[in-house]
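Okay, everyone, thanks for squeezing me in. I'll put the model up and then walk you through it.

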Amino acid sequence: MTGMSAGADEGGPFDAFLRREATAGLALPPGRLSATEAVLHLHRAANAVRQHVEQEVLRPRQLTWTGFVVLRTVWAARRIETRHVAEQAGISKATLTGVVDTLSGRGLVKRTIHPDDGRLVVLQLTRGGHRLLRELLPESQNAEAYALSSLEPAELSRITAALRGLVDHLERRGRGGPALSDG
């Protein structure tokens, strides 16, 4: 436990965060506390679900979360340009190149040159990629269901709708929608 003081998590991670910010003179203004707490919990929850799925489903097949997301993205589109895969997977094009090198080396995806623009690369799954996803998808869905099984169905519906609304809100802003106010 080097570098951590005893009791650093007393009151929970958010309380430790607030204490650290206050000590550094960076206390949050009123009204920002709940947003910051929600973002911290959202991040921790997403990481917990990701780690659960990686541990239970992906690691036994030597597959990373990012590799799995790329496979699902390519599978859903059937054929898709690499720039769109990177965008949809939320990763950089450089990261995608490494992931695709690995997946291609394992015979799960193949690259082809775009028929209308030789500068662009298109990805699609190989038969092996399709086979692997047919195995992985039900297992990942089971792992995801287990991870969220502590939620009541109505809670899960509300959270899903809220998260979808959050993404829509931020994507609208990214497409030139109104900027958020500071107030």
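**Salt bridges first**

So, straight in: the side chains of Arg 61 and Glu 139 meet in a salt bridge, 2.8 Å from N to O. That pair links distant parts of the chain, with Arg 61 in the loop between α2 and α3 and Glu 139 in helix α6 (residues 127-147), 78 residues apart. By salt bridge I mean a side-chain nitrogen of Lys or Arg within 4 Å of a carboxyl oxygen of Asp or Glu. Helices (H or I, at least four residues) and strands (E, at least two) are DSSP runs, numbered from the N terminus.

Before I go on, the small print. This is a predicted model, where local features need pLDDT of at least 70 and side-chain atom pairs count only at pLDDT 80 or more, while totals for chains, interfaces and linings use all residues. Residues are numbered from 1 along each chain as its sequence is written, and side-chain values use heavy atoms, with hydrogens and water left out.

Back to Glu 139: at 32% relative accessibility, it counts as partly exposed. The cut-offs there are buried under 20% relative accessible area, exposed over 50%, and partly exposed in between, with a 1.4 Å probe and protein chains only.

How many salt bridges does the structure hold? Seven. One of them is Arg 50 with Glu 54, at 3.6 Å from N to O. Both of those sit in helix α2, four residues apart, so about one turn of the helix. Arg 50 is partly exposed at 31%, whereas Glu 54 is buried at 16%.

Then there's Asp 117 with Arg 119, where the closest N and O atoms are 2.8 Å apart. Asp 117 counts as buried, at 18% relative accessibility, but Arg 119 is exposed at 73%. And salt bridges that share partners join Arg 61, Glu 135 and Glu 139 into one network.

**The fold and the sheet**

Zooming out, the chain has seven helices and three strands. From the N terminus on, the elements go α-α-α-β-α-α-β-β-α-α. Of the 183 residues, 26% count as buried. For the contact people: take contacts between residues at least 6 apart in sequence, and 50% of them join residues at least 24 apart. Contact here means heavy atoms within 4.5 Å.

The three strands make an open sheet in the order β1-β3-β2, with antiparallel pairing. The edge strands are β1 and β2, each pairing on one side only. Two strands pair if DSSP finds at least two bridges between them. Strand β1 (residues 80-81) has two bridges to β3, and β2 (residues 109-113) has five bridges to β3.

Which residues does Val 122 in β3 face? On the β1 side, Glu 81 stands opposite Val 122; from β2, Thr 112 has Val 122 as its bridge partner. Ile 80 is partnered with Leu 123 in β3. As for cover, four of the five residues of β3 (residues 121-125) are buried.

Glu 81 deserves a minute. Is it buried or exposed? Glu 81 is buried, with a relative accessible area of 13%. Its side chain makes a polar contact with the side chain of Arg 83 at 2.4 Å, and another, of 3.5 Å, with the side chain of His 114. A polar contact is a pair of N or O atoms within 3.5 Å; within protein, one must be able to donate a hydrogen and the other to accept it, and residues adjacent in sequence count only if both atoms are side-chain atoms. Leaving aside neighbours within four places in sequence, Glu 81 is in contact with His 114, Leu 120, Val 121 and Val 122.

**Odd backbones and a greasy patch**

Two residues have a positive phi without being glycine. Gln 62 is at about 50 degrees, in the loop between α2 (33-58) and α3 (65-77), and Gln 62 is exposed at 64%. Arg 78 is at about 75 degrees, in the loop between α3 and β1, and is exposed at 69%.

Last thing: Leu 42, Ile 159, Leu 163, Leu 166 and Leu 170 make a nonpolar surface patch of about 380 Å². Patches are made of residues with over 30% relative accessible area and no salt bridge, joining like charges within 9 Å and nonpolar side chains (Val, Leu, Ile, Met, Phe, Trp, Tyr) within 5 Å. Areas come from Shrake-Rupley with a 1.4 Å probe, and for residues only the protein chains shown count as cover. Helix α7 (residues 153-174) gives the most to the patch, with four residues.
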